Structure formats: structure tokens, C-alpha cells
Amino acid sequence: MPHAALDLNTPTADEVKTTTCYMCACRCGIRVHLKDGRVRYIDGNPKHPVNRGVICAKGSAGIKQHYSPARLSKPLLRIGERGAGEFREIEWDEALALAATWLGDIRRRNPDELAFFTGRDQSQALTGWWAQQFGTINYAAHGGFCSVNMAAAGMYTFGGSFWEFGEPDWELTKYLMLWGVAEDHDSNPIKLGLGKLKARGAKIVAINPVRTGYGAIADEWVPINPGTDGLLAGAFIHELLRTDRIDLDYLVRYTNAHHLVIRDPGAADDGLIARDAEGHALCAARARSADAGIRQDEGVVLVRAAAADISPLVIGEFTLGDGRIAVPSFQLLAERFLDEGYSPASVSARCGVEVDTIQRLARELAETAFDQSISLDQAWTDTHGRVHESMIGRPVAMHAMRGISAHSNGFHTCRTLHLLQMLLGAIDTPGSFRYQPPYPKPAPPPNRPGKSRKDNGALDGGPLGYVQSPADLLVDAEGRPRRLDRAYSWEHPLAAHGLMQSVIRNAWAGDPYRIDTLLMFMANMGWNSSMNTSETRRMLCDRDEASGGYRIPHIIYSDAYLSETVAFADLVLPDTTYLERHDCISMLDRPISDADCAADAIRQPVVEPDRDVRPFQDVLIDLGTRIGLPGLVNDDGSAKFPRGFAQYMVEHERAPGVGLLAGWRGADGSKAGVGEPNPDQIKRYVEHGCVWEARVPDAARYYKMANREYLDWAKSLGFLGSTDAIMLQLYCETLQRFRLAAQGHGPHQPPTSERERVERYFDPLPFWYASVSLPGPVDDALDKTAQARAGSARDADYPLHAITQRPMFMYHSWGSQNAWLRQITTRNYLYLHPQTAQAHAVGDGDWIWLASPLGRIRVQAKWHAATAPGTLWTWNAIGKRKGAWKLSADAPENRDGFLLNHLIDELLPPKRDSHRYANADPVTGQAAWFDLRVRIERDPSPGEAGHRIEMRKMGTAE
Amino acid sequence: MTGLPPPAARKLGLVIDLDTCVGCHACAVACKEWNEGGAFGPLPDQDPYGAEPHGVWFNRVHTYEVQGFGPSSAGSACKLAASAPSQGAPTHPESRPSTGERPVIPDPANAMSVHFPRSCLHCETPACVTVCPTGASYKRAEDGIVLVDEDKCIGCQLCAWACPYGAREFSAKRGVMQKCTLCVDRIYNETLDEADRQPACVMACPTRARHFGDLGDPQSKVSELVAERGGYALMPELGYKPVNRYLPPRPRRAGGTKPETRPAAEPIDTAQMSPLLRWVDRVLSR
């Protein structure tokens, strides 16, 4: 355009529509600018509570995702061998009829023969419900592969979680400690928050073996050895206790620190909380004349621990009514962490952090929490009805994610972090970590996983939930796993998100049983969402020797793109892009709230599909209707939701008045949270930028776990069933119930082979252990000497840690096929500290082999100063499989890029009885991919490019 | 050769805060997206799904590690010689690492990662304009924005050679030079809400590290920010007088007080007796 005629007032678009981004799990509000029926531009919605108008690289690149050449365009039926990627296009009627035949047969025969696993989707409020109606217990999303350790440890400890369910008090915190965070679900809110902290002069400390992203702008970087964070946090607790810098008043008000724990070794209730006849927990307190209770010597009385205005004791041995001894749980905690094993001098070498640094950081935490405490001039009322004139704040905040969770010690490590927060009085106070509504929930939340089928074939509860005791496990009469992935079994009792990483292996092995159909949605389980990827791909194609049929008889896959997993499907149901469908970011699933406002959101179609594709949610409802699932058909058999998911979003009620969307309920849209369906609900969302918000009242913003106004407000919106105070579980009685079962108590006990393991890992107080992935018999690993011996043998053979980090510009975005994002990085390297490189004679840019017991991969090394010596790392999920994503055959993603997954075993080495556990946290089943140990092997031609994979044959692993 | 307009009072430009840039590339992609369909687009991509995808970007983010200089030198980290661009932006030739030498191995805890967004600095005396044989490159008299009139551009690339900052991008597909326009088609665009009349990169930046305004006005917010934070121009010694400013990393808040500055009033001698005993008589209230 000649600049003499430059028109700077050209309208951007014909039309602007709001919706919600889907390029990762952050779920920002976006404005889609449309011109001539095409997407011209996507930017952040300034009025949206998540992103306040900002947008990340992925969000802006959404336009390239939407117009990607890798989009599927028609249902596909496999005609070649599995894995060959040979299909013929079929019509939707044929595809749906075929799927309905397979699924209908299964449901009549045994619903558990359907394994339904979804990936990084945000539709679990629908998909989980659908699985429940179908009646299969074999459902989960990808949380077991992702960060269930964070979710489970948080929910069982304080009814909340890091993840995207809580946040640092960005406005008031003075000190932020980031544990194992490179990039996170809460991507843009964290970035907005870090900007505020930097402007205000708050200190940021990044604890991570690698310094990228957020760590880059941190004031201090602590290059810790992978898997030792629990030890470092334990040393901080040691220091706080040693120097008596803890908030005991906070502990007795909001946690169970003062609850009495029965000390009666061998008894069926040893280690449980002492309770009175009505089941109320007891504590010891200074006696006042009016107190009723069990009198002790010296003016001490045992009273209900939840009583107001008492003066509880946290140290001492007290005599219960039956003459037995009990001690406050705080005392047990203090004894554990004052132990020399958690002293800075003891942990320093293992963590790779200097003693002085550990002591200084502990001191900084205490100084910030106590010497720089803040007081907000805001009155509030506690659950006892007492009015407090101000809100006292401990301005120390923490955030943690994958570096903590992806280890087999992640559950206890995360619990250690939460205890550290509690000791500092820094959970939901001004300046500390804050809950985001609908959290806090009771710890743990009351919903248990469904176990049995009702007359109509539906499960009696959602397939995922929180077990409270051994009675809730999904095991058979002999204590064997009932779920295909062994979640909620004695092997992984608190597997709140399932074990997606075990599904293909177990279905292939028929252990615990064979299935008929594997239904996957957006889960790239044939590539980066699996461990031991090469072997997993073989299992998907493997045939049964006797019958000649595939060991996994049917595979149905729904994806919008030609991902690596498509080639393994028998039937492909092509999904739309996120700009072409309705979606629901529901309070029943994983909402987008922040600490000051409850919020949920929708997606609306902003463009029509130009291909023969359908939204997976619509397809799921259609399939369910065809096979007559309860809740999807009327009494006469007709479809209840003929208009698909958009209709379901509005009309479906989970409980009376509670549906997927909390906003504008009631016939006239005047109700929030609870109210009858409103036919205009979606219209109202669209009018408000596709988002609904409810501000937390001013007096309810902090101390939510014990704040009457907050609890009343949360109950009125349907977030909580009761307004009782939520007690933080410094001592986790649930864990002790499992330990007691392992010690031979109660009607539900683990099989003999599981007892030692359950007893060890179900410790009601957190503890640190190296990892469960040591070579050699796992039972030996339970023995400390053997563990040390096996550990040093492993260290000698595989001396280096190998982990992944998530690049901000591709995290969760399937970005390697995105024309713009892949220009930022088309391939990954193996990064290592120059010191590590020189110790292994690796030159900058050399091609080397990385070996684990499973095999070896050829990768290109790059020196990287901001990496802890002894740790190797690479960007996650950039390597692609040739033939996928419509990338050319010589694309760097498949020529030079790589996955570490090939080297990570999905199983632990066999124990004496030859059983192999999942390579996972023994409490939660969280995939332990950061436990990976490797060695470097030289290549004769280090200058010659090219990624290669050399796997040992099955069964020949070292 | 092309002449410059008389110095103007108004100098629109960007102020980029290296203290808060996390290297997320949001600015780069938002820029690409806006300009792809804007008055100065498209920004062509070559081989987008092939072996060597590359395209025109007006804004790129480079990542450097700076080895072991310790907290005190953090402020000048970005001015130090870079080692390897560890990941990230489409690499510009100037920023490629020299692979020959082995650096002294520093204390890893002192290693820094620096993210450095780079785009046209809208210099007051830009060599890219004066070198232009056709008048295609020009500096606007009214606000100082440097633009390329594609109708006059012959694609000779003299401007790219002249610019020491690597701010210009040649589009082989279109045969013309392209560069940051400071979103001139946004900032004056009356069809947009007033709040949206900012460069796309500034709107997008998730840490709010990017600021836009009139650096010729000492009272403007951006000028005040530069004064307050010691904002600096890139390579001022070359004499092109860049308008854009970078804010250096703030001094890192290194540590707390020295040990034992707060002696605890212990009721017991914890060396002799169990440390638990000090909590025995603690009066707590629930």
C-alpha cells in the first residue's frame, strides 16, 4: 500500500466474538475478530478475570491451530494393520452406529470392558458423568500422568491444592517460594502476579534443578537435586522448630495440631485421633472451672478439640478415659522433624544446597512471616461467631508443581510443603497462599469413587473421588485391583485421578484383565502421554496368539488433529477445533476462579466447521443416547438432549438446581450457583463475555476454612454441603487407617504381599524417601541398608538425573505442529551444565547416547549453565513421530527432536514374587517420570546429526 | 538516499522491562498475528510445516545464559557477553554462540537466564532510513515511527545491513523489507476502543513488561519509568539515538539477616533438654 494513502483507521474485523481459549489449561478469555467469515485475529479479553486482556504465545497462535493442515476432516475406519495409518473415510451415521454396537454389547456384557480415558480435556464434568451412566469404573483423565500428587496431597491435607486451585496473594505477599515450577496451568495469572511482585519488591525464590522461565526472574535460584525437595522442606521445618519460629496459635485454631493421637501400639486404633463417645476429636487444654471433660493432673482437662475459647496443649502425654495414653499430633510432628536426619547438615549434600543457604532461607521465611506480618483492617467472623477486628497475614506464599509431583515421593513431599505453610501460619491469610473457590472443601472431600452398579447399570457414584478408608477401595474379595489401571487398589490407594499411564500396558497384558474397547479423547497415549513409548506403541498393535485378534480388540479415538495416536485407532471420530464448539468450564470440574471471585465460563462456536467433524461432547451424548444410557434418554426412549451438549449444559441437573454452569440460573436468570435451569443461560454468558463471576464478600476473603461469612456464601452457591469449619490435616488420619489395615486391623486388609509397602508409605505424617524406583527387589528397597546398597549401585550405573521442563510457548498446546510456535523451536536438545559435560567428555553440540535400563536414545547435547550439575533436561513433548501432525518427513521435530519417554519404564523392577508395580507414587499412582536415571554413552561420530532410538528387547532390560 | 524529518517533539516508542521478562514469546506471536492481517502484512512463512520453517517476525525474543557473575552484577547481565542462546527465538546470525572456547566453570547458583525481546528501536537518526536509495524507509515527522513504504521498496536490503540492531526482516516471498511499525495501524485506529490503541505486543505481555508511550515527553509515564529505573538505550555509542529503552534487572534481593540476630528467649536449655519442652507451657488460644 502506498503510504501516501495509508489508512490507519481500517476496521479490524466485521465482528468480534468472545469465547474461552483452549490452547492450554489456563483458559483465558479471548476476543475472536472475524473478517469475511475467517478468523482475523485473537486477543485477550480485557474484562476477563483470568487474563485481564493479556494473552500468551499459544493463545495468539490459536489462529494457526484453528487452520492447521493437521485437522481431521471426516470419520475414519481402519482398513490396514493397526499403526499403519491406513483408513477409509466413512459417514458419521456409519461411525456412530459401529461405535454404538461395540459399546452397547459391552454394556450388556460387562461395562468395565470399556476403558475411557481422556487427555488434557476440560470436559470431565461430562465425560466422568457419562462413564458413570455407562457403568464402567475404568475412566479417568490424564491426572495420574500429570500432577495428581499435588491434587491428592492438597485435598487430603487442607482441602485445596496448588495447581490452579489456589494462588499466592499477588497483592500482598512479600516472599514467594516456587518449588519445581517452570510453567504451569495457571500460566497467565502467574505471569501477571510475578509482574506485580517484581514491581513491589517482593522476593522470589525458585527451587528447581533448572533455571528457565519464572526462575529466570527470581531473586534467588536454588539448583536442587531432583527428588530431594521434601528433604529441603523438611530441613526448613527442622529449622523453624529448632529456632521456635512457628505460629502455634494458627496451628491450634485451624489445624489438628492439638488433636490427641492414641498411642497404643498393636491396638486397632493406634495412631487414630482420640474421640469422645459422640465421635468428636479430643485435645488437652488448660482447665477452667467450667470445663467438663476428662481431668488430668495440674489443671489440664481433655475437651473437644473443636471447642472455642480453649487453651490447647501441644506437648505432653495425656490419659484418655479408658486409661490409655495419647499425645498431641504436633508433638509427633516436632519429634519427626527435629530429628537430626532433617537437619541442614544432614540434607545438604543430598539436596545439593549449602547448609548456610538452607538456614538462611528458613530464617527468611520466618522473618517474613512473623517480623513482617501484616494486618488488614477488615473485621471478620469465625465459625464460632467471634468477631475479629482485623485479618492477620503471614506474607509468605508458596507455589509448587511438577518438580514436586512427578516423583514417586511426590505425595509426601507435597504434604511436607503444606505442613511448612501451616507452621508459618501461611494458608489463606493476607499475603500467603490463598484458596480459590469452590475450595476449600473438607479434607478430603466427601465424594468417594463409585463402586457398584445400580439396577439401571449406572455406577453409584462418579468413577473418580476420594477414598476415606480401606472400605472405599475398588478391590475384589481377595484384595485384588478392580480397576484396569489399579487405581484405588492396595497398590495405589489414593489414586484420585487414576493411572492413565498404566492403561495400555495392563489392557495388553490382561493384568488384571482384558478389556474390549479403549476409548480415548484428546489423549496422545500413543506418543507423549505414555511411558516407555516404543513398547507402548507395540502393545497397541500386538495380536493374541490364540485368536489372532488384537490384544486390545477395539480402539476408538477422538481428536481434532492427526496426532501420533490416530494411527492406532480402529475408528476415528474427528473433533472440532475449540473455536467451533460449545464447552463448559464448570464449577463441577475445574473452574477458573481466583481467590477473590468464583468464576466459570463457556466456549461458544465462533465459526462454523468447514469439515465433516463434530464436537466430541455432542458425539458422546449421541452415542449415549443410542445405547440408552440413563440420564440421556426419556422414558419413551427418545433423546433427552437432541440439541447436544449446548442443551445438556443448560438443562442437565446434577442435583436439584445444580448444573454444569453456576451463573444466571433460575427461570429468569436471577439465581447464582443453585437454581432451576434457565433456557437463556448461554445467551447470558455470551452477553457477559462467556464468563460468570461472583465476588467473594470482603469479610470472607481470608481464613476461608473457618470464616463464617465465606462458608455461608460458599454453601449458598452450592460449593459446600455444610458450613462447618474445615480442619487442616497436619496429621492425616486417613493415611493411618490404611496403615492399620496393613498391620492387620479391620475388615478390609491388604493381601499379605502388599502389607509392608502400605505400612511404610501410609505414614500419617510426611516423610522423605529417595524413590521407589531403585533397581533390585522392591521389597529389599523397604529395608534401609538394602536401599542404600541398591541406590549406590544405581548411582554407579545411571549416575545422572534426566527431567523435562515445559516451554511457555508450547506448554499443553500441542504446539509442535503450529506454524508459528514451531518457528520458536522446531526441536529440542539435551541440556547439561558445562561441569557435567566435561566430566562426561561431552562437547557443546555433540550427539550422544542417553541410556536407561530400557534402552538408549541418540540426542544432541547443549551446554547450559543454569542447570544443576548432575541433572540433564530437555523441553517436553517437542519431539514428534514421523507421519503425524502433517509435518514433512524431514521436519526437525522427528529428525532431531526426541522424547525422554522412551527411556522411562512404566513399571518398577520386579519384586521377589515377580510382581511389578507401576513406576509411580505408591500412595497416589502419580507417574514418576522425574525419577528417571540415565547415563551418557559416547557416540563414535558426535558431529553426525540424527536422533535414533535403540530399545532393548522386551524382557532383556537390565 | 533518504532524508530525515526535522527532530520532532513526539517520540513514540517502547520501554521493555528485562526485570520481569520471562521469555514466554507472547509479544512476538501477538505481533506476528496482528500484523499478519494488518496494514503492513502479511508476514510470510516459508516451509511452515517442513524442515526449515522460517518467516518474517517484527519482534523476536532471545534467551541467553550469563554464567556465574553473582547477584551484584545482575543489573548489567544483559550487557554481558552471552554464551549460548539456550532455546527460543528463531536465531539471528549475530546471536549465534561461538562454540570454540570453553568458559571458566562458574558457580551454577549464580547463573542467570536473560530473556531479551528485540524489535525496531525507532532511532532518532536511523541509518536504515538514510541508507535507503528509494525513500521507502522513512521516519514519520509527527511521531518518529520508522516505516517502510512497500510500494517504493526494491528489496535491496541496504537497510538491513545498515541497522546494527537486526531489526529488519526481508521477506523473500514478497521481495520487500518489513519491520516493526509500532502498530501504527492500531495506535491511531479510531475503530478500536481507546484502551486497545496500543501495540499488540504491549497488550499481550503477560508480565506487563512492555510499555508504550511518548519518550519525547519527560512527563509521560514511560519517561518517568525510564528515569526511575535507569532505563537505557541499546548501544548508544553507535550514534543512532534509539528511542526504545530497556529497563535493567532490578538488584536481586539476596538474603535475610545474619544468623542469631534475634536471640530466642528460651525457657529451657535446648542443648541439655528436649526442645519439645519449651512448648509444654505455651499458652495458646483457639
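**Exercise 1. Work out how strand 13 of chain A sits in its sheet, beginning with its surroundings.**

Step 1. Strand 13 of chain A is mostly covered, with four of its five residues buried. Here, buried stands for 20 or more other C-beta atoms within 10 Å of a residue's own, exposed for 12 or fewer, and partly exposed for anything in between, with C-beta atoms placed from the backbone. Strands (E, at least two residues) and helices (H or I, at least four) are DSSP runs, numbered from the N terminus.

A word on the model before we go on. This is a predicted model, in which local features need pLDDT of at least 70 and side-chain atom pairs count only at pLDDT 80 or more, while totals for chains, interfaces and linings use all residues. Residues are numbered from 1 along each chain as its sequence is written, and chains are lettered from A and ligands numbered from 1 in the order in which they are written.

Step 2. Now look for partners: two strands pair if DSSP finds at least two bridges between them. Strand 13 and strand 15 of chain A are joined by five bridges in the antiparallel sense. Within this pairing, A:Ala284 stands opposite A:Leu302 in strand 15 of chain A.

Step 3. Turn to strand 14 of chain A, which pairs with strand 15 (residues 300-304) of chain A over two bridges, also antiparallel. Here A:Arg295 stands opposite A:Val301 of strand 15 of chain A.

Step 4. Put the pieces together: the three strands of chain A form an open antiparallel sheet in the order 13-15-14. Its edge strands are strand 13 (282-286) and strand 14 (294-295) of chain A, each pairing on one side only.

**Exercise 2. Describe the sheet of chain A with the order 12-17-16 and find the helix that packs on it.**

Step 1. This is an open sheet of three strands with antiparallel pairing. Strand 12 (260-263) and strand 16 (318-319) of chain A each have a single partner strand, so one side of each is left without a neighbour in the sheet.

Step 2. Strand 12 of chain A pairs with strand 17 (residues 325-328) of chain A over four bridges in the antiparallel sense. The bridge partner of A:Arg263 in strand 17 of chain A is A:Ile325.

Step 3. The helix is helix 10 (residues 329-338) of chain A, which touches strand 12 and strand 17 of chain A. Its direction makes about 70 degrees with that of strand 17 of chain A.

**Exercise 3. Describe how helix 8 packs with helix 12, and helix 21 with helix 22, in chain A.**

Step 1. Know what to look for: two packed helices are described by the angle between their axes and the distance between the axes. Axes are lines fitted to C-alpha atoms, for helices over the stretch in contact, and angles run from 0 to 180 degrees between N-to-C directions.

Step 2. Helix 8 (residues 229-242) and helix 12 (residues 355-371) of chain A pack at about 65 degrees, with their axes 9 Å apart. Their crossing is right-handed (the near helix is turned clockwise from the far one by less than a right angle; anticlockwise would be left-handed). Among the residues making the contact are A:Leu232 and A:Phe236 of helix 8 and A:Leu361 and A:Leu365 of helix 12 of chain A. By class, this contact has nine nonpolar, one polar and one charged residues. Nonpolar covers Ala, Val, Leu, Ile, Met, Phe, Trp, Tyr, Cys and Pro; charged covers Asp, Glu, Lys and Arg; the others, Gly among them, are polar.

Step 3. The axes of helix 21 (residues 733-742) and helix 22 (residues 752-761) of chain A come within 8 Å and cross at roughly 150 degrees. That makes helix 21 of chain A roughly antiparallel to helix 22 of chain A (an angle over 145 degrees). The crossing is left-handed.

Step 4. A:Phe738, A:Arg739 and A:Ala742 of helix 21 meet A:Arg755, A:Val758 and A:Glu759 of helix 22 of chain A. By class, that gives three nonpolar, no polar and three charged residues.

**Exercise 4. Place A:Leu903 in chain A and decide whether A:Leu903 is buried or exposed.**

Step 1. A:Leu903 is found in the loop between helix 27 (892-895) and strand 35 (933-937) of chain A.

Step 2. A:Leu903 counts as buried because it has 27 C-beta neighbours inside 10 Å.

Step 3. Leaving aside neighbours within four places in sequence, its contacts include A:Leu850, A:Ile857 and A:Val934 (a contact has C-beta atoms, placed from the backbone, within 7 Å).

How values were computed:
Parallel < 35°, antiparallel > 145°, perpendicular 65-115°, else oblique. Contact = placed C-beta atoms within 7 Å.
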